[in-house]
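Grab a pencil and work through the exercises below. Try each task yourself before you read its solution.

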Amino acid sequence: MTYVIDIGNTSVKLYKMNESTVVQTLKFDEKALKTLSESKFNVEFIIASVVPKKTEEIVELIEKHGMNKPLVITHKHYKDLKSKYLNISELGIDRLCNVAYAIKNFKKNTVVIDLGSAVTFDIINGRGEFEGGMILPGIRTQFKSLSKHTALLPDLIQHDDDLFIGRSTEECIRSGVQNGIAGICNDFIKEIANRFTTRIQVILSGGDAEFISKLVDFDFKIEKNTVPIGAYLISRMVK
């Protein structure tokens, strides 16, 4: 059995894989790990992480339970990547996995928008080359930042309310953050389409993909599991 452990800034998720398909999503904790360690099946772990310290802790935990050391995805595992990035070692592993997913699944200009703690845009051209992208704070990160760095603004969670003109402080914050991110997505996709002078495939990924999908005005496909799928694909380049 193959599992991908996705270590993000706010959570750790465990994905059971069947080849490059996610068949089950689980919360990663020691109880889940103990259950897998007692399984009669040989368990393979692949780690995609943006939190190095947490990665070390989880690797030690896996070995403590008597299982094989996991493959921790690094840039060197993606040897054949064609990239215009100035320093590929600076690219987050989550974004590297998004690029791997896009290159494998699409043979045209593609943008993966990963909507989580950060919102990342990764552009892959029709020749399978990584062009680069953009990063900005995600919904929850912006809410927390406003609350932390101001004296009176509250810490909020997102709502599905269809609002644009806020009529309370909370509504104004929600409208500004949520519609602001959607507006940036709209403008970014419009500009990229103009630069490529052709239609592009847009993938919305991450925990806030479905939420933001209701606010944008371009065509898209939702695939929330681009990181674990991409991690699996990269792991097979090592074999």
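**Exercise 1. Find how strand β4 is joined to β5, and say whether the two run parallel or antiparallel.**

Solution. Keep in mind that you're looking at a predicted model.
Step 1: locate β4, which covers residues 44-49.
Step 2: look for the bridges; 2 of them join β4 to β5.
Step 3: check the direction, and you'll see that β4 and β5 run parallel.
Step 4: pick out a facing pair: I46 stands opposite L71 in β5.

**Exercise 2. Do the same for strands β2 and β3: how many bridges join them, and how do they run?**

Solution. Step 1: β2 spans residues 12-18, while β3 spans 21-27.
Step 2: this time 6 bridges do the joining, and β2 and β3 run antiparallel.
Step 3: for a facing pair, take M17, which sits opposite V22 in β3.
Step 4: look at the link, where 2 residues lie between β2 and β3, making a hairpin.

**Exercise 3. Write down the strand order of the open sheet, then name the edge strands.**

Solution. Step 1: here's a reminder: strands of a sheet pair through backbone hydrogen bonds, either parallel or antiparallel.
Step 2: line up the 5 strands, and the order reads β3-β2-β1-β4-β5.
Step 3: β3 and β5 (71-72) are the edge strands, since each pairs on one side only.
Step 4: put the directions together: β4 and β5 run parallel, β2 and β3 run antiparallel, and the pairing in the sheet is mixed.

**Exercise 4. What is the sign of phi in E19 and in T197, and are these residues buried or exposed?**

Solution. Step 1: start from the usual case: most residues other than glycine have a negative phi.
Step 2: now read off E19, whose phi is near 55°, a positive value. For T197 phi is near 50°, positive too.
Step 3: place them. E19 is in the loop between β2 and β3, and T197 is in the loop between α5 and β10 (201-205).
Step 4: the cut-off for exposed is over 50% relative accessible area. E19 has 55%, so it counts as exposed. T197 has 69%, so it is exposed as well.

**Exercise 5. Where does I173 sit, is it buried or exposed, and which residues does it touch?**

Solution. Step 1: find helix α5, residues 169-196; I173 belongs to it.
Step 2: buried means under 20% relative accessible area. I173 has 9%, so it is buried.
Step 3: list its contacts, skipping residues up to four places away in sequence: F143, L146, L153, P154 and L156.
Step 4: for a distance check, try F106, which is 67 residues from I173 in sequence and 37 Å from it in space, C-alpha to C-alpha.

**Exercise 6. Step back to the whole protein: how many helices and strands does it have, and why can it be called as compact as a globular protein of its length?**

Solution. Step 1: count the elements, and you get 7 helices and 11 strands.
Step 2: compare sizes. The radius of gyration is 19 Å, and the globule rule gives 18 Å for 239 residues; the two are close, so the protein is as compact as a globular protein of that length.
Step 3: add the box, roughly 60 × 45 × 30 Å along the principal axes for the C-alpha atoms.
Step 4: finish with burial, which covers 44% of the 239 residues.

Methods
Residues numbered from 1 in each chain as written. Predicted model: local features only at pLDDT ≥ 70, side-chain atom pairs only at ≥ 80, totals over all residues. Heavy atoms only, no water. Helix = DSSP H or I, 4+ residues; strand = E, 2+ residues; numbered from the N terminus. Rg over C-alpha atoms; globule rule 2.2 N^0.38 Å. Buried < 20%, exposed > 50% of the residue type's maximum accessible area, 1.4 Å probe, protein only. Pairing = 2+ DSSP bridges. Contact = heavy atoms within 4.5 Å.
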